Amino acid sequence: MSAVPGRPSAPFLGWRVVGASFAVLTLAFGAAYAFPAFFDPLAREFPGSRGNIALVFAVCGGLFFVVGAIAGPVADRIGSRSVVSAGLLLVGAGLVLASFGRTLWEVLLAFGIGAGLGVGFAYVPAVSPVQRWFVRQRGRASGFAVAGIGVGTFAGPLLATAIMSAADWRTAWLAIGIGVAVLGVLAAQFLIDAPDRIGQQPDGDAAPAPGAAAPPKGWALRPALATKPFLLLYAAASLLSVPLFVPFVHIVPFARDLGITQGTAVLLASFIGIGSIVGRFGLGALADRLGRRATMSAMFMGLTIMLAFWLVSGNAWMIGAFALLYGVCYGGFVALVPAVIIDYLGARSAGAIIGALYTSVAPGTLIGPPLAGYAYDLWGSYTVPLAASIALMGLATLITFAAPDPAKWRAENPAP
């Protein structure tokens, strides 16, 4: 029986794929972004430099994006389910091994490398299928999927703190690691790489009429890397990456320096996650109407303004407001970047292109939080690293405004 125009012949599974992606990202990033809750316990267990403690997270965060460049193309070839499943198992193993660490370097190897590799293998392969399942609602769907990162950012530190209130940091990492591995592998089984794998169309549309022209598939990876949009977004993300994760690591010690209790400081850190959820859910759908590229640039600007606000924050209320609004802009940025690059270059090599773009974030993620910690060790204040962060974020913002309109650029630069 032929499909009725405008009506799919079977229930549309695109939103189930979005749900699976959401769950995977919640678990993977919840495990990684729980780190602020462990900063104080690790500092007590392994006294020394704040920069060295921050390096544990920085290695993990840097690997998210380096590994994505490998995981994306692999998932394009063999499918997302197996790659994402392997990633969640690595995250779980990294946390379990970190719980047995007897030196800070053992913790760094286990958490930094184990969990970092795992999140890297899960991240891009969980995001790229969503880009293929949607065209008109790509911003909304991408926002919903990566809202899982926001939920993880919010829930991870609070869950870790709750466990540590009854046990210790080792038990917290052990329990979270086991839970992430089991639930993550289960969630990955609901990922479907593209609608044509099961005879459906993007956005739940009916099958094209016989003889209708097939939509353009987009750019292959190698020529895509030399395009103006890719190079501009790569440069902007490279600059943004240096300050981007500094709050994730240092907001708790920043608050503790002001005399705020550990429990309240961790709660303030979780506000980044709350704001991130709002940004991912709300701004993705809004950007579909206002323009995804322009909305993404506004998120860069918002991150810059919020870092300036953090610099002058002197109490819990101000830090909380910073964390919430920074989270909104961060969530909007993460939701829109995959959608924007696919708006320019098409979905033909979505995993490979998104993975290549994410390598831009790796160096800054690796050096930003430790440098902020070492600067604090040197000057006893976060003023210098935050001022440098504001400057770098502002320059990244200017670069995004130089990016062309996606529709006009595509019309002038068809895929080879």
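Select Arg292 and Asp343 to begin: a salt bridge joins them, with their closest N and O atoms 2.6 Å apart. Arg292 belongs to helix H12 and Asp343 to helix H13, so the pair links distant parts of the chain, 51 residues apart. Arg292 is buried, with a relative accessible area of 14%, and Asp343 is buried as well, at 9% relative accessibility. Note that the model on screen is predicted.

Next, add Asp40, Arg44 and Arg256, which salt bridges with shared partners join into one network. Within this network, Arg256 and Asp40 form a salt bridge whose closest N and O atoms are 3.3 Å apart. Arg256 sits in helix H10 (residues 246-257) and Asp40 in helix H2 (residues 35-45), and 216 residues separate them along the chain. How exposed or buried is each of the two? Arg256 has a relative accessible area of 33% and counts as partly exposed, while Asp40 has 17% and counts as buried, because the cut-off for buried is under 20%.

Now move to Arg197 and Asp193, another salt-bridged pair, with closest N and O atoms 3.6 Å apart. Here Arg197 is exposed, with a relative accessible area of 52%, whereas Asp193 is buried at 9%. The structure holds seven salt bridges, these pairs among them.

The next stop is empty space inside the model. There are two cavities of 30 Å³ or more. For the largest, select Phe29, Tyr33, Phe65, Tyr123, Leu244, Phe245, Tyr330, Phe333, Val334, Val337, Tyr358 and Val361, which line it. The space in this cavity is about 100 Å³. Which element supplies the largest share of its lining? That is H13, with four residues. Helix H1 (14-33) and helix H13 (316-345) each supply at least two lining residues. By class, the lining has twelve nonpolar residues, no polar ones and no charged ones.

For the second largest cavity, of about 60 Å³, select Leu233, Ala237, Met296, Phe300, Phe333, Val337, Leu357, Tyr358, Ser360 and Val361. Two or more of these lining residues come from each of helix H9 (228-244), helix H12 (292-311), H13 and helix H14 (350-358). Nine of the lining residues are nonpolar, one is polar and none is charged.

From the cavities, go on to the second largest pocket, with a volume of about 200 Å³. It is lined by 14 residues, and those closest to its centre are Leu27, Gly30, Leu159, Ile176 and Val180. H1, helix H6 (138-166) and helix H7 (169-188) each give two or more residues to the lining. H6 contributes the largest share, five residues. The lining divides into nine nonpolar, five polar and no charged residues.

Turn to the surface and select Phe100, Leu174, Ile178, Val182 and Leu183, which make a nonpolar patch of about 470 Å². Within the patch, Phe100 lies in the loop between helix H4 (80-98) and helix H5 (104-133). Phe100 is exposed, with a relative accessible area of 51%.

Finish at Leu378, in helix H15 (residues 361-379). Leu378 counts as exposed, at 62% relative accessibility. Select Ser49 with it: the two residues are 329 apart along the chain, and their C-alpha atoms are separated by 10.0 Å.

Notes: Residues numbered from 1 in each chain as written. Predicted model: local features only at pLDDT ≥ 70, side-chain atom pairs only at ≥ 80, totals over all residues. Heavy atoms only, no water. 1 Å grid on protein atoms, 1.4 Å probe; cavity = no way out; pocket = protein on both sides within 12 Å on 5 of 7 lines; lining within 4 Å. Points joined across faces, edges and corners; volume = space filled by probe spheres on them. Nonpolar A, V, L, I, M, F, W, Y, C, P; charged D, E, K, R; others polar. Patch = residues over 30% accessible without salt bridge, like charges linked within 9 Å, V, L, I, M, F, W, Y side chains within 5 Å. Areas by Shrake-Rupley, 256 points an atom, 1.4 Å probe, with all protein chains shown as cover. Salt bridge = Lys/Arg side-chain N within 4 Å of Asp/Glu carboxyl O. Buried < 20%, exposed > 50% of the residue type's maximum accessible area, 1.4 Å probe, protein only.
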